[in-house]
Amino acid sequence: MFLAVVFFHSSEYILAVAIHGRSNVTLKSLLISKNYLLAMIFSLLEYIVEIVLFPGLKEHWWISDTGLALVVIGEFTRKLAIITAGRAFTHLIKVYHDEHHLLITHGIYRFVRHPGYSGFFIWAVGTQIMLCNPISTVGFAIVVWKFFAERIPHEEYFLKRFFGSEYEEYARRVPSGVPFVK
């Protein structure tokens, strides 16, 4: 789990620097917030408490392996989204259209409108399945889903303003990539 978290955030930062240049990347590119840290601490505490009180919960290797597979799939999906979008991918929602902000509809974006969000969702839930953390699995799924259910409409408001009917047609054709978010 520790290696998955370190790899996720360090590779995210390295890609951001490679694509946008060091002067345009801040520590916010590591995507670590207070809420995120609290969630990770809670998941670690859940793991420790359960391994002490209910060690049988942590002995289902097929569940851990499924979680690991989800972590890898989520990581791959998100990084593929970043590489495909290139300079059009940013960690902050663009509220002004600039020359690097293009509508990306090729590669993985042919199948999902927000593969970066989809990848993070899969990765985050996968980390908790990997730890056999039932409470954090449900908690992460709800919290991350709620975050994207609010963020996607906000982001798409600006995408519709920037790209007009081209984006609206794309959004009708391609799912968001986050369950139950249109």
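Helices here are DSSP runs of H or I with at least four residues, and strands are runs of E with at least two. With that in hand, the predicted model can be set against the record. In its unreviewed entry, UniProt lists residues 36-57 and 120-145 under "transmembrane region". The stretch 120-145 comes out as 88% helix and 0% strand, and its end C-alpha atoms sit 10 Å apart. For 36-57, the figures are 82% helix and 0% strand, with the end C-alpha atoms 24 Å apart.

Next comes the surface around helix α2. A nonpolar patch of about 730 Å² is built there from L44, I48, V49, I51, V52, L53, F54 and L57. One of these residues, I48, belongs to helix α2, which covers residues 34-53. I48 counts as partly exposed because its relative accessibility is 42%, and the partly exposed class runs between 20% and 50%.

Turning to the rings, the structure contains 10 aromatic pairs. One of them is Y117 with F148, a stacked arrangement with 4.6 Å between centres and 20 degrees between planes. Y117 belongs to helix α4 (residues 115-130) and F148 to helix α5 (residues 134-173), so this pair ties together parts of the chain that are 31 residues apart in sequence. Both Y117 and F148 are buried. Then there is F162 with F163, which meet edge-to-face: the centres are 6.3 Å apart and the planes make 90 degrees. F162 and F163 are both buried as well. On a wider view, ring pairs join F8, Y117, F120, W123, F147 and F148 into a cluster. F8 also has a charged partner, as the charged end of K79 sits over the F8 ring at 4.2 Å from its centre.

That brings in the charges. Side chains of opposite charge can pair when their charged atoms come close, and a search of the whole structure turns up 8 salt bridges. In one of them, R78 pairs with E12, with 2.6 Å between the closest N and O atoms. R78 sits in helix α3 (residues 61-85) and E12 in helix α1 (residues 2-20), so the contact ties together parts 66 residues apart in sequence. How buried are these two partners? R78 counts as buried because its relative accessibility is 5%, and E12 is buried too, with a relative accessible area of 0%.

K79, the residue over the F8 ring, also forms a salt bridge with E75 at 2.7 Å, N to O. K79 and E75 both lie in helix α3 and are 4 residues apart, about one turn of the helix. K79 counts as buried at 10% relative accessibility, and E75 does so at 9%.

A further salt bridge joins the side chains of E156 and R113, at 2.8 Å from N to O. Here distant parts of the chain are linked: E156 is in helix α5, whereas R113 is in the loop between α3 and α4, 43 residues away. E156 is counted as buried at 6% relative accessibility, and R113 at 5%. Back at helices α1 and α3, salt bridges with shared partners connect E12, E75, R78 and K79 into one network.

Key. Residues are numbered from 1 along each chain as its sequence is written. This is a predicted model: local features need pLDDT of at least 70, side-chain atom pairs count only at pLDDT 80 or more; totals for chains, interfaces and linings use all residues. Side-chain values use heavy atoms; hydrogens and water are left out. Patches are made of residues with over 30% relative accessible area and no salt bridge: like charges are joined within 9 Å, nonpolar side chains (Val, Leu, Ile, Met, Phe, Trp, Tyr) within 5 Å. Accessible areas come from the Shrake-Rupley method with a 1.4 Å probe; for residues, only the protein chains shown count as cover. A salt bridge is a side-chain nitrogen of Lys or Arg within 4 Å of a carboxyl oxygen of Asp or Glu. Buried means under 20% relative accessible area, exposed over 50%, partly exposed in between (1.4 Å probe, protein chains only). Rings of Phe, Tyr and Trp (its six-membered ring) pair if their centres lie within 6.5 Å; planes under 30 degrees apart count as stacked, over 60 as edge-to-face and the rest as tilted. A charge sits over a ring if NZ of Lys or CZ of Arg is within 6 Å of the ring centre and within 35 degrees of the ring normal. UniProt positions are given in the numbering used here, feature names are shortened, and annotations may be inferred rather than shown by experiment.
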